[in-house]
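Biologist: Could you walk me through this structure, one question at a time? I'd like to see the reasoning along with each answer.

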Amino acid sequence: MKSAVIVFPGSNCDRDIAVALAAVTGRAPVMVWHRDSELPDGTDFIALPGGFSYGDYLRSGAMAARAPIMRAVTAAANRGVPVIGVCNGFQVLTEAGLLPGALMRNAGIAFVCRPVALSVENSQSLFTAGYQAGETITLPVAHHDGNYQADAATLDRLEGEGRVALRYAEPVNGSARSIAGILNDAGNVLGLMPHPERAFEPAHGGTDGRRLFEGLLEAVA
Amino acid sequence: MKARVFITLKPGVLDPQGKAIHHALEGLGFAGVHDVRAGKLIELDLADGTGEADIEAMCRKLLANTVIENFRIERIEAT
């Protein structure tokens, strides 16, 4: 797998996800700067990392979604290249229109930073093939704007089409229908607030995130 | 010319920030505040003759997230 990690000014989980991808795929991902306009030839997986791109100015993910590289990311996503957006990456994907809805300020105002229990709702996607449907896993979250909101029709459609990949199994941020991660209609774009790359090695306190990358590798390879 | 863009959350969208401000006002003893909604004001300094359609495009493409926000444009013509 030839993966690329997009780096925005203010990204801070880019190295974490690069380490995870290198460990699973055996090949270091190419780090692509936000001002580049093209992805390396043959890129078959794209990660938008967590962080605080552009200092969360205007809205979280808003400026990054309009960065030059995002045209290439959007084109690749539309061609079917798998794209994962973690935390700020999820915010960027919604701002870029690659995923529906929006991520708003946590309902409790406070920044939430702790491991949370999640229910795997769909184990049939590229990204969740390493899990069992209905399984409860634990991944860390660290966000201020993770409160997923969309209109009722969009939420119904996401649920009806099996596009809710992960749900919080405990109160976290006020997300509509406890949504923690969603897929696009083609199933090749996943946005999620929890950080799988931060639950990758035993030293992280858990390894539930590792199976996302392993399942993905198996599904893509 | 200048324009002001007022960005507000759509009615019905939960506004945690507005709620926190509301609670703080109550804590200060201000009675009779029924609700608080917080928004943004963006001031644009524009070339004379910039059309309404251009400003609206700026709002739709970047300044507001129309999934959750409404915007209102107020033009201030040079005097």
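**Helix 2 of chain B and its surroundings**

Biologist: Which residues of helix 2 of chain B are buried?

Modeller: Happy to start there, and please keep in mind that this is a predicted model. A residue counts as buried when 20 or more other C-beta atoms lie within 10 Å of its own. In helix 2 of chain B, the buried residues are I55(B), C59(B) and L63(B).

Biologist: Why do these buried residues fall on the same side of helix 2 of chain B, and what arc do they cover?

Modeller: Looking around the helix axis helps here. I55(B), C59(B) and L63(B) are the buried residues. On the other side of helix 2 of chain B, A53(B), A57(B), R60(B) and K61(B) are exposed. The buried residues are on the same side of helix 2 of chain B because they cover an arc of only 50°.

Biologist: Which strands help cover the buried residues of helix 2 of chain B?

Modeller: Helix 2 of chain B lies across strand 1, strand 2 and strand 3 of chain B, and runs at about 150° to strand 3 of chain B. What covers its buried residues includes strand 1 (2–9), strand 2 (39–45) and strand 3 (69–76) of chain B.

Biologist: What is the order of the strands in the open sheet of chain B?

Modeller: The sheet has 3 strands with antiparallel pairing. Its edge strands, each pairing on one side only, are strand 2 and strand 3 of chain B. Neighbouring strands are turned by 20° against each other on average, direction ignored. The order in chain B is 2-1-3.

Biologist: How many bridges join strand 1 to strand 2 of chain B?

Modeller: These two strands run antiparallel. As one example of facing residues, T8(B) stands opposite G39(B) in strand 2 of chain B. The number of bridges joining strand 1 to strand 2 of chain B is 7.

Biologist: Now for the interface: which helix of chain B gives the most to the side that touches chain A?

Modeller: In all, 9 residues of chain B are in contact with 13 residues of chain A. The contributing helix gives 3 residues to that side of chain B, which divides into 7 nonpolar, 2 polar and no charged residues. The helix you are after is helix 1 (residues 16–27) of chain B.

Biologist: And in chain A, what do the buried residues of helix 6 pack against?

Modeller: Helix 6 of chain A covers residues 210–220. Its buried residues are R210(A), R211(A), L212(A), F213(A) and L216(A). They pack against helix 1 (14–25) of chain A.

How values were computed: Residues numbered from 1 in each chain as written. Chains lettered and ligands numbered in written order. Predicted model: local features only at pLDDT ≥ 70, side-chain atom pairs only at ≥ 80, totals over all residues. Contact = placed C-beta atoms within 7 Å. Helix = DSSP H or I, 4+ residues; strand = E, 2+ residues; numbered from the N terminus. Nonpolar A, V, L, I, M, F, W, Y, C, P; charged D, E, K, R; others polar. Buried ≥ 20, exposed ≤ 12 C-beta atoms within 10 Å, placed from the backbone. Arc of directions from axis to C-beta. Pairing = 2+ DSSP bridges. Axes fitted to C-alpha atoms, helices over the stretch in contact; angles between N-to-C directions.
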